[in-house]
Amino acid sequence: MNKLINIIFLSIFSFSMSSDVINDSIEKNSQIFENVALEIWEYAELGYLENKSSKLLADTLQENGFKITKGVAGIPTSFIAEFNNGGPVIGILGEFDALPGLSQTTAPFKEIAINDTNAGHACGHHLFGASSAWAAVAVKDWILSENIKGTIRFYGTPAEEGGSGKVYMVREGLFDDVDIVLHWHPDDTNSANNRTSNSNKSGKFTFKGISAHAAGSPELGRSALDGVEAMNNMVNMMREHVPQESRIHYVITKGGLAPNVVPDLAEVYYYVRHPEMNVVEELFERVVKTANGAAMGTETNMTYEVMHGNYSLLPNNTIQKIVYDNLVSLGGISYTDEEYKYANEIYKTFFKPELEIGSQMLIAPFKDSHSYGSTDVGDVSWVVPTAGLRTATWVPGTAAHSWQAVSTGGTSIGLKGAKLAALTLSKSIKYIFENPNVIEVANNELLERTGKDFAYKPLLGVRKPPLTYRN
């Protein structure tokens with residue numbers, strides 16, 4: 001009996017000590033990674049152009065004992081940082097790209113700042129990258145302290161916003177030897193659900209016509225803009241005849257420069273989404289048919305380029321529950337009086353907010369959920385068991401891709417959410433390393449969900465990464 005008590009005591013003592021290593025590492029490195037997050041927030045670099053952001057993260061991880069491999073999958077701003085101590089390999093994803101047209105200060109009102117990139121972190125990827133790296137270092141410190149057999153690998157993944165950076169990395173086999181992948185994302189609430197998403201495919205359709213004087217000799221011209229507008233009209237009619245869960249949206253990126261000149265060049269950028277990848281491909285081909293028809297009817301020439309394509313997120317209940325349990329054990333986020341004052345000012349700017357201030361202190365119940373958005377994490381989740389979480393880096397009620405998300409992400413509120421994510425990720429990874437049977441169960445679940453005949457084939461095909469951002 002005394003022997004059993006001693007074993008239990010030693011087990012509890014060991015758990016407490018190893019947990020303290022994680023906590024101590026997170027606290028010790030808080031200033032470093034909070035500064036990294038804020039620097040990347042200031043850089044606000046667009047997809048495939050994140051040179052300073054990528055370098056900062058890679059350099060910081062290298063200084064903390066990680067081996068860095070840069071420019072993987074043919075992308076200069078991508079990298080892998082690894083601490084290898086044998087054993088299972090667990091990957092953490094880190095993003096760092098911003099969105100165009102959303103430059104912003106931390107003011108609780110819309111105050112546009114002019115910067116070199118004309119962009120802002122409206123999806124919080126500055127926090128995403130920094131927090132994931134923060135967690136990777138904490139896990140490395142714990143591995144060293146406990147002499148655990150295990151490898152932690154940070155994936156620096158560029159151009160999530162419309163660039164599908166992770167897809168090229170999956171296509172190159174960079175996840176083939178990974179046992180588990182974890183990720184997270186900024187949000188206005190705390191959750192760790194079995195979350196699915198829409199798959200998507202996008203393309204830029206370019207019409208070329210003949211310029212002419214729009215008043216003096218219109219009969220000599222053929223308007224490329226007419227081709228774009230005819231295509232858009234047909235796609236809008238097509239909406240009545242697509243599956244209910246579909247989403248199709250577009251922007252005209254080029255439409256001519258002067259009304260009195262018949263435009264000889266016009267371009268429209270389309271996104272097509274649906275939960276199922278095969279349906280996305282079918283819908284995209286129908287959109288291509290409208291473009292061909294529009295070109296024929298307006299006597300213009302049309303070409304198109306596939307810009308990106310993402311799989312839907314594939315849940316893995318085995319590891320998702322581990323992440324959820326760790327998030328619950330850590331709890332939500334409390335505001336100081338100053339943060340409450342700031343949050344209330346931001347809250348006044350919302351249009352019909354769905355959450356109230358105070359909900360950031362809670363953890364949403366575990367459930368199956370679906371997002372109509374898309375992410376290139378989806379491709380990773382079909383080849384490696386993948387799970388994630390979301391933390392309240394934004395004031396409750398904030399919409400992603402908004403100026404409010406940019407603003408709050410540059411404050412202590414955003415940093416608190418990043419710290420919660422780093423703790424949850426590192427403690428979840430620690431649990432998996434201590435319970436390696438989880439890896440087999442999670443991989444069996446992946447095989448069951450994908451089917452034994454599944455073979456990964458990227459929606460973006462064989463195209464190379466678009467290494468300059470095209471507006």
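## Charges and surface

Start with the charges: this is a predicted model, and its protein chain carries 39 positive and 53 negative charges. The mean positions of those two sets lie 2 Å apart.

As for what the chain shows to the outside, about 20,500 Å² is exposed. Carbon and sulfur atoms supply 53% of that area.

## Overall build

The protein chain has 14 helices and 14 strands. Its radius of gyration is 24 Å, close to the 23 Å that the globule rule gives for 471 residues, so the chain is as compact as a globular protein of that length. Laid along its principal axes, the C-alpha trace spans about 100 × 55 × 40 Å.

Now for the inside: 56% of the 471 residues count as buried. If you look at contacts with a separation of 6 or more, 82% of them come from residues 24 or more positions apart.

## T151, tucked into a strand

T151 sits in strand β6, which covers residues 150-156. Is T151 buried or exposed? Its relative accessibility is 2%, and buried means under 20%, so T151 counts as buried.

What do the polar atoms of the T151 side chain pair up with? One partner is the side chain of N84, through a polar contact of 3.1 Å. Another is the backbone oxygen of G86, which lies 3.0 Å from a polar atom of the T151 side chain. Setting aside neighbours within four places in sequence, T151 touches E82, F83, N84, N85, G86, G87, P88, V89, I90 and F433. So N84 and G86 turn up both in that contact list and as polar partners, N84 by its side chain and G86 by its backbone oxygen.

## V287, a buried helix residue

V287 belongs to helix α8, residues 277-298. With a relative accessible area of 0%, against a cut-off of under 20%, V287 is buried.

Which residues does V287 contact, once its neighbours within four places in sequence are left out? They are F205, M231, V235, M238, Y270 and V272. For a sense of distance, take A421: it is 134 residues from V287 along the chain, and their C-alpha atoms are separated by 39 Å.

## K55, partly out in the open

K55 is in helix α3, which runs over residues 51-63. At 47% relative accessibility, K55 counts as partly exposed. Its side chain makes a polar contact of 2.6 Å with the side chain of D59.

Where does T77 come in? T77 is 22 residues from K55 in sequence, and the two are 7.8 Å apart in space, C-alpha to C-alpha.

## Two loop residues with positive phi

N147 is in the loop between α4 (125-146) and β6, and β6 is the strand that holds T151. Phi of N147 is near 55°, a positive value in a residue other than glycine. At 60% relative accessibility, and with exposed meaning over 50%, N147 counts as exposed.

H401 is the other one to look at, with phi near 65°, again positive in a residue other than glycine. You'll find H401 in the loop between β14 (386-392) and α12 (403-409). Its relative accessible area is 41%, which makes H401 partly exposed.

Definitions and conventions: Residues numbered from 1 in each chain as written. Predicted model: local features only at pLDDT ≥ 70, side-chain atom pairs only at ≥ 80, totals over all residues. Heavy atoms only, no water. Helix = DSSP H or I, 4+ residues; strand = E, 2+ residues; numbered from the N terminus. Rg over C-alpha atoms; globule rule 2.2 N^0.38 Å. Buried < 20%, exposed > 50% of the residue type's maximum accessible area, 1.4 Å probe, protein only. Contact = heavy atoms within 4.5 Å. Areas by Shrake-Rupley, 256 points an atom, 1.4 Å probe, with all protein chains shown as cover. Lys, Arg positive; Asp, Glu negative; His and termini not counted. Charge placed at Lys NZ, Arg CZ, Asp CG, Glu CD. Polar contact = N/O pair within 3.5 Å; in protein donor to acceptor, adjacent residues only side chain to side chain.
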